[in-house]
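Me: Hi! Could you walk me through this structure?
Reply: Happy to, here it is.

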Amino acid sequence: MEDRAGLSGRLSAAAYFGCVALLTLAGAGLAMLARPAFAHGVLRTLGLETAPQAQSRSFYATRVAPLLETRCVSCHGARREKASLRLDSFAALLLGGKHGPVIRPGDVRNSELYIRISLPASDERAMPPSGKPPLTEDEKTVIRLWIADGASGALQTIAGAPPPVAEVKIPQDDPAAAQKQRAALAQSVRRLQARFPGTILYESRSSANLEVNASLLGSAFGDAELLALLPLQARITRLDLSGTAVTDTSAPVLAGMPALRSLRIGGSRMTQVTIAALRQARALKSLTIGSGQAGHGALAPLLEKHIAIYGGDDAP
Amino acid sequence: MAEQTGTVPMNSVFEFTVAADLPQLTALRLEVPPADPVKARHSPEKGFVANRIDAWLVQDGKAEKIVLRLLAPDSLADVEGNLARMLRNAEKPGPVMPRLVENSGFMADPVLFRTKWVVAVPVAPLKLQPGASLKLQLTHSELINAASSSVPRLRISASNDPRWTALAQSPALEQQLTRLEQIERRLKEIPSVKLPVMLEQAHYERRPTLEFERGSFLTQIGPDLPADTPSLFPKLPAHAPRNRLTLARWFFAPDQPLTARVAVNRSWEELFGTGLVETLEDFGSAGELPSHPELLDWLALHFQNDLHWNMKALMREIVTSATYRQSGRTTPALREKDPRNRLLAHGPQQRLTAEMVRDQALQAGGLLNPKMGGPPVMPEQPDGVWNVEANNPERWTNGTGADRYRRSVYTFIKRTATYPSFVTFDAADRQLSTPRRIPTNTPLQALVTLNDPVYHQAAEALAARMAKAPQAPGRDAVENKLNFGARLVLSRDISAAEMAPLRKLYQSAGPVAVASALLNLDAALTR
Amino acid sequence: MAEGGKFDHLGLMNIQADTRRHFLGWGAGGLGAFFLNSTMAGAAPAGENAPLDFTRDPATPLSVLPPQFAAKVKRVIYLHMGGAPSQLELFDYKPVLARFHGHDCPESFVKGKRLAFIQGIPKLLGPMFPFHRAGKSGTWISDRLPHLEKSIDDLCVIKSMKTDQFNHAPAQLLVHTGDPRTGHASLGSWVTYGLGSENQNLPGFIVLISNGGTTANAGKPLWGSGFLPSVYQGVACRSAGEPVLYLDNPKSVSRAERRKVLDAVDEINQQTYRTFGNPETVTRIAQYEMAFRMQLEASDAMDIHREPAAVLERYGAEPGKTSYANNCLVARRLAERGVRYIQLYHWGWDSHGTPVDKGLNVGLVGRCRETDQPTAALLADLKARGLLEDTLVIWGGEFGRTPMWENRGGQEMEFIGRDHHPNCFSLWLAGGGIKRGISYGETDEMGYEIARNPVEVRDLHATILYLLGFDYRRLNYPYQGLDQKLTGVKPARIVSEILA
């Protein structure tokens with residue numbers, strides 16, 4: 001640093017640093033020529049170019065991108081860039097990798113990406129590589145159609161594309177919300193659960209609805225016991241009274257349960273009187289009866305309401 | 001060297017024609033190397049079994065059978081595996097020996113991890129004319145894993161060294177082979193269970209242990225690692241051979257922190273239901289800390305240094321301690337504070353193990369057969385519980401006589417069909433490594449102790465013993481019997497409160513019912 | 001480093017602070033202790049794998065717990081056809097394969113593959129029986145299952161099941177426990193652990209085996225509880241003789257006498273409890289009472305004598321014998337009585353062609369005859385009683401069979417058979433939450449590989465648990481440092497396309 005005189009025999013500081021800068025630019029220029037991805041990256045960083053983007057509702061975004069995400073991005077993404085190829089964004093997909101673009105919009109046959117995913121699994125160059133499961137026919141079709149239609153970031157539907165597979169949404173459970181909903185009847189539920197053990201259960205951990213199965217109590221459960229459940233009626237969705245001692249006296253009670261969707265009365269002492277009364281049931285979707293409990297005439301009005309009827313004399 | 005290509009069906013016979021260019025042949029060596037000798041040492045290849053080796057000398061248009069005098073194998077195991085016998089059979093054409101009759105044949109079964117060879121020595125040197133050839137036939141009539149077991153490649157070498165003939169004809173060798181056969185015969189006559197005893201392999205048989213690359217057993221990288229112990233622990237003695245004896249001694253070295261503590265902890269768990277370290281199987285970072293570390297250390301050192309590893313002495317010391325002798329009574333307050341009694345505020349209360357439940361019932365009934373040792377037995381079990389497997393045609397034949405009442409530890413165990421009464425009481429069914437049994441409390445257990453025939457037989461026997469109870473003064477006849485029964489089952493006198501229901505039962509249902517009740521009491525099943 | 005026997009406690013505590021995972025307590029107190037400690041307040045991680053709380057009163061480990069979210073089914077009946085029934089003779093119609101019958105199979109079918117018994121180049125074997133479309137749904141089915149055909153519009157046939165196990169025991173373990181090795185909890189154990197069972201007087205998980213003598217290759221682990229508490233294991237019941245082992249009193253002991261014994265035992269146990277205060281004593285009293293009730297209920301449930309003759313005929317059931325037909329009828333009775341998980345095994349579908357009774361032309365025919373009518377009767381019966389809408393019925397094997405004619409050891413076979421084929425097999429589902437009258441998935445024209453919509457075994461498991469009201473990731477259990485799941489460590493997919 002101090003000995004500036006020592007440098008004077010060679011290059012001056014300015015010239016020295018000027019050479020370094022020149023070499024750097026030359027190197028960068030060569031790199032940009034050699035690797036288009038790098039070139040575009042530089043240009044975009046400098047603000048000289050905007051990266052192409054796909055619209056959020058486009059076919060690309062809804063069908064192609066998730067596919068690439070599951071099948072390809074683990075090796076061609078942020079964590080790993082095999083062959084300098086990234087497939088985790090629309091821009092990167094169009095850019096290509098070490099050997100150039102992998103998509104030729106409109107030209108499936110020359111699109112390297114499609115070529116690779118269509119190779120037989122035994123081919124060394126097949127993608128995904130051996131060890132990973134190959135793309136299904138539907139997945140290949142999605143990519144093929146998308147490329148053929150111009151590898152667009154805007155197009156929303158493509159004719160002939162196989163329908164998307166619906167993802168199952170696991171209901172989010174919110175115990176706090178369930179607790180709140182249960183609060184109103186919680187004490188009654190506890191009391192009645194103690195009185196009729198193993199009979200009353202919440203529909204699920206995240207629900208305040210109740211399911212009642214009195215069948216295991218048999219003849220020990222009758223009209224009086226059913227009346228005891230009245231405080232809970234707003235929440236009872238399923239009620240199994242098979243084999244109990246409940247009689248037609250309880251018909252209005254049953255018909256009046258506002259949330260009751262499924263009712264089983266086979267083997268109980270109820271008759272078509274109850275079944276007739278059930279015409280008034282608001283939410284009933286399914287009724288199971290026993291043989292001899294009702295003739296077809298009694299069931300007709302319920303069938304008109306599209307209530308599924310099981311059991312009875314028509315059944316074997 | 002000939003290499004097998006294509007698919008070879010099983011039970012095939014290979015024929016080789018070898019041009020001979022020695023004037024005289026005294027020995028033929030057949031070698032089967034692995035395809036990749038380096039890799040095969042730790043990742044072996046498919047094996048082979050050649051049951052018969054036959055050879056002919058083809059010259060002058062005739063094929064003359066070569067009588068083989070000796071087949072010299074490359075390993076001790078194969079000598080014991082009776083190549084000699086195979087030789088004798090080669091002289092007379094006959095059925096090939098079944099493999100299950102002691103290892104026989106030239107083989108690498110089931111896998112090939114190093115070159116296997118055998119040297120076939122004819123009875124006399126063969127004089128070979130120019131143009132002569134040898135015909136060699138290898139018969140494979142065994143299967144390995146239900147598939148063809150043929151030789152994958154074969155290298156045939158010839159020798160004219162006269163020492164082979166000398167060896168083959170030497171009377172000393174003949175004597176040794178005969179002696180071997182005699183000893184084997186005598187061994188078979190010794191009545192004993194076939195107890196497998198582990199024997200350290202000869203060094204050249206030893207499989208090398210290489211480091212796995214990132215834990216994958218498929219990619220093993222050198223070098224060959226010597227046996228060693230984890231660095232956390234005392235080192236192996238510097239000049240001791242790296243073998244099992246050294247390891248065994250290491251476990252009991254004075255500065256070894258683990259062995260005594262683990263042993264003592266297990267004994268503690270036996271007696272108290274939970275060890276001082278709850279994770280008996282894991283004293284490491286994923287295990288639990290001891291509830292009483294100083295006690296654990298003291299017991300360990302005491303066991304090691306004072307009691308000299310004597311298990312009985314240790315047990316005696318623990319059971320005579322004040323802690324163990326505490327009453328099992330608890331109070332709700334105690335239970336609230338320490339539900340699992342880790343702080344040992346009261347005596348242990350644990351259910352008997354599966355084997356103990358059965359042994360206790362038999363002991364109380366006077367039926368327990370105290371015979372020690374011998375092959376396992378099959379106590380009574382209903383039909384259809386034991387399922388016959390196609391590949392393992394063992395049958396469960398209910399034992400008879402005193403065999404029915406041997407100690408539970410002698411019960412035959414089969415992993416896919418464990419004795420059901422034991423499984424019901426949480427005995428390990430050997431599917432998983434089970435370092436600790438988890439006791440459960442189920443209605444199926446009640447069904448076992450009420451209805452399993454052995455318990456009913458025990459109840460009947462117990463009732464008979466009660467009937468013959470010696471009369472104690474101050475008790476009436478019935479009370480006397482009941483108390484005697486209680487003493488047999490519970491090791492204590494009956495209390496007045498307990499007497500009443502038992503007496504009632506005796507009068508309404510008889511002595512066998514009482515015996516059955518005694519054997520089913522919670523107090524009988526808890527210690 | 002250890003010095004003179006003193007262990008480095010401080011060091012150990014430091015390591016534990018870093019690496020500790022929550023751990024359930026075992027030991028004295030048995031199940032009670034387990035349940036007391038199973039909710040590790042504050043230690044449970046939140047998020048998509050957060051375990052649910054399955055704490056229960058230790059006296060009733062099978063008491064019912066609600067599912068995580070609203071369930072479509074309340075119980076499962078699994079009909080396992082042991083040995084692997086040939087999909088090419090039952091559900092997967094391959095007319096192109098038929099055209100190539102007798103030709104050498106392509107080299108790619110066998111080169112580099114691990115096959116159970118086939119060696120060399122076997123011949124291709126076309127379907128042995130004629131196929132046709134059935135029902136309103138037009139589902140393909142062979143002529144071997146004329147009774148089941150009547151219910152074809154209730155079935156969802158998956159033709160693209162796949163597994164990676166090619167031998168029976170590991171493949172059966174994979175199907176029923178989610179792992180090809182022993183030691184894992186079976187599907188039935190997970191279900192009873194998660195949901196309990198409605199009828200406390202019967203085991204919650206019952207196994208019925210037919211065509212036995214031999215049983216499933218993997219044996220009891222198929223219905224074992226693995227690392228789950230042993231109370232959740234399946235109980236193998238017999239449809240002839242004593243239904244549950246030791247259910248019946250010894251001949252000389254009447255039920256009345258048994259009651260008296262229990263009364264005495266109960267009374268004394270109560271005194272024991274008053275003296276010692278051990279909660280296990282209370283549990284034991286409850287278990288004895290349950291055993292007493294079970295004697296009646298299980299005997300009643302398994303007793304098909306009481307069924308009307310018309311019903312027996314419909315199933316082809318013969319009281320007093322052991323048969324698949326009897327087991328199907330018992331299964332319906334158990335379903336009615338609140339048993340949560342009913343597993344049937346029927347053995348003998350391993351149609352290698354040897355011995356003769358295992359050939360496709362003999363053995364398979366026999367197995368179909370034994371199972372077709374009862375299976376159909378079970379489905380119809382459940383439907384008529386309104387049980388099918390909340391029951392899940394599953395039928396299947398452990399892997400498929402090859403489109404090649406088996407040539408064991410490279411030799412020509414006298415009888416007709418197919419070797420094990422893990423690449424694709426067929427399985428059907430029926431019941432609540434399942435789309436009716438559809439086929440899902442396709443294999444290629446030779447029936448060798450899956451062409452569309454592969455379904456891994458773990459995907460099937462995830463779907464079953466979803467129908468029962470569980471996120472398969474949250475029905476887990478800590479063991480050996482891992483939150484163990486039925487579906488294993490790989491991600492699984494709920495097969496949404498077959499859900500109604």
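Reply: A polar contact is a pair of N or O atoms within 3.5 Å; within protein, one must be able to donate a hydrogen and the other to accept it, and residues adjacent in sequence count only if both atoms are side-chain atoms. This is a predicted model, where local features need pLDDT of at least 70, side-chain atom pairs count only at pLDDT 80 or more, and totals for chains, interfaces and linings use all residues. Residues are numbered from 1 along each chain as its sequence is written, chains are lettered from A and ligands numbered from 1 in the order in which they are written, and side-chain values use heavy atoms, with hydrogens and water left out.
Me: OK, how many residue pairs are in polar contact between chain A and chain C?
Reply: There are 12 such pairs, both residues at pLDDT 80 or more.
Me: And which elements of chain A give two or more residues to that side?
Reply: Helix α7 (137-148) does, and so do strands β1 (200-202), β2 (210-213), β4 (262-264), β5 (286-289) and β6 (308-311), with helices (H or I, at least four residues) and strands (E, at least two) being DSSP runs numbered from the N terminus.
Me: How many salt bridges between chain A and chain C?
Reply: The count is 3, each a side-chain nitrogen of Lys or Arg within 4 Å of a carboxyl oxygen of Asp or Glu. One of them joins the side chains of R238(A) and D390(C), at 2.7 Å, N to O.
Me: Switching topic, what does L79(C) touch?
Reply: Its contacts (heavy atoms within 4.5 Å) include Y324(C), L344(C) and W395(C), leaving aside residues up to four places away in sequence.
Me: And how many residues of chain A are in contact with chain C?
Reply: 29 residues of chain A, meeting 35 of chain C.
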